[in-house]
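Here's a quick tour of a few spots worth finding in your viewer. Have the sequence open alongside.

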Amino acid sequence: MKILVINSGSSSIKFKLYDMETKTALCKGLVEQIGMPNAHAKIITKDGTVLEKTGYIDDHGLGIDVMNELLFGSKVLSSLDEIDGVGHRVVQGADLFDDAVLIDDEVLETIRNLIPLAPLHNPAHLAGMKETLRIRPDIPNVAVFDTVFHQTMPKSSYMYPLPFEFYEKYKVRKYGAHGTSHQFVAKAGAKVLGIDFDKFSCITLHLGSGASISAIKDGKCIDTTMGLTPLEGLMMGTRCGSIDPAIVPFLMKNANLSGEEIDTIMNKKSGLLAIGGTNDMREIEAKMDAGDENAKLAFDMFVLRIKKYIGAYIAILGEINAIIFTAGIGENDARVREAVCSGLEIFGIRMDKDKNAAPHDEPRWVGLPETKVRIIIVPTDEELAIAEDTVRIINSCKKS
């Protein structure tokens, strides 16, 4: 069974093709800078074949066509008949979806109605879905939502202390994001430690350009840092994370900025970029080592906010089995991991620095053997999790 996984962003399409019999990726690819004259597309196959294409790609419809060209040109596929299903990542499903779902007109309309909650992401997801369905309406397409894993949060976690009418009329509440990743790495962490997932409690740290933390008790999410939108919570690559909300009206009044301008600043011009001059943690650390004080400040701010949430989540979880690092920074940056764990010994968290510094592609435990709380690094594979959900939904629909 072959499953194509598509993640359509505002100006990009990421894709992977999986053989689900072996759960191996046959290829991965990216179409980026859609709508720009320097658009670029690339595919890398399992055997190392690389194909690229550069030129103007008008929209996501043409982006899907280019993706198909690369799939055929690399000989990963000879026909779309070989694809058994397509899984689409969807950032925002609000509280209207508690599982992945087969895409039909009603699902498309519901995702469209949720655009105000994810104005950058949901329109792009819809474009990818509509194009794949237009090309081959006979191939099952499945929507897999980032928000589903967080639907187990209690009301005390997801409600904001605002007038209740904002929740009733406008669905203003915490939804979270990166749910597919948090669930995937939590299950992998439980497997590393040999603990049944429904008895596993941990804190998962998805640290990348976008970053979030989740508190998981007995296999269920009870809180997460991202909120109504992916802006809440941690300091990120270009996002400010949680700040005093009064800053918004203050800047509107004193800096003569519109709400839209401030929203752009908070999402695209803040975070590591604003403080350290770049949104890439590798560059931040290189600048730190060269004596750049602002880069050092950005690093320290990033780490401090992570540590604050770890402490808060230990307080609401009680005993935990592990903290789990994942995503680009979490998986690859030993310096960040060590800085985050430093000072947390009071909670039973003690890192083995040698194990932490050793690169490895597999899930592994990097804490000292006598510690109560394990420190685990798990490479996330959101695409594989989406592919697994796609197979499950397709098989369920066949049975019914």
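Below come a pocket, a surface patch and two loop residues.

This is a predicted model, where local features need pLDDT of at least 70, side-chain atom pairs count only at pLDDT 80 or more, and totals for chains, interfaces and linings use all residues. Residues are numbered from 1 along each chain as its sequence is written, and side-chain values use heavy atoms, with hydrogens and water left out.

Let's start with the second largest pocket, which holds about 900 Å³ of space. A pocket here is an open set of points on a 1 Å grid over the protein atoms alone, with protein on both sides within 12 Å along at least five of seven lines, and lining residues have an atom within 4 Å of a point. The volume is the space filled by probe spheres set on the points, which are joined across faces, edges and corners. Its lining has 37 residues, and Thr180, Gln183, Phe184, Ala385 and Glu388 lie nearest the centre. H6 gives the most, with 8 residues.

On the surface, Leu162, Phe166 and Tyr170 make a nonpolar patch of about 310 Å². Patch residues have over 30% relative accessible area and no salt bridge, with nonpolar side chains joined within 5 Å and like charges within 9 Å. A salt bridge puts a Lys or Arg side-chain nitrogen within 4 Å of an Asp or Glu carboxyl oxygen. Areas come from the Shrake-Rupley method with a 1.4 Å probe; for residues, only the protein chains shown count as cover.

Finally, two non-glycine residues have positive phi:

| Residue | Phi |
|---|---|
| Asp218 | about 50° |
| Asn256 | about 55° |

Technical notes:
1 Å grid on protein atoms, 1.4 Å probe; cavity = no way out; pocket = protein on both sides within 12 Å on 5 of 7 lines; lining within 4 Å. Helix = DSSP H or I, 4+ residues; strand = E, 2+ residues; numbered from the N terminus.
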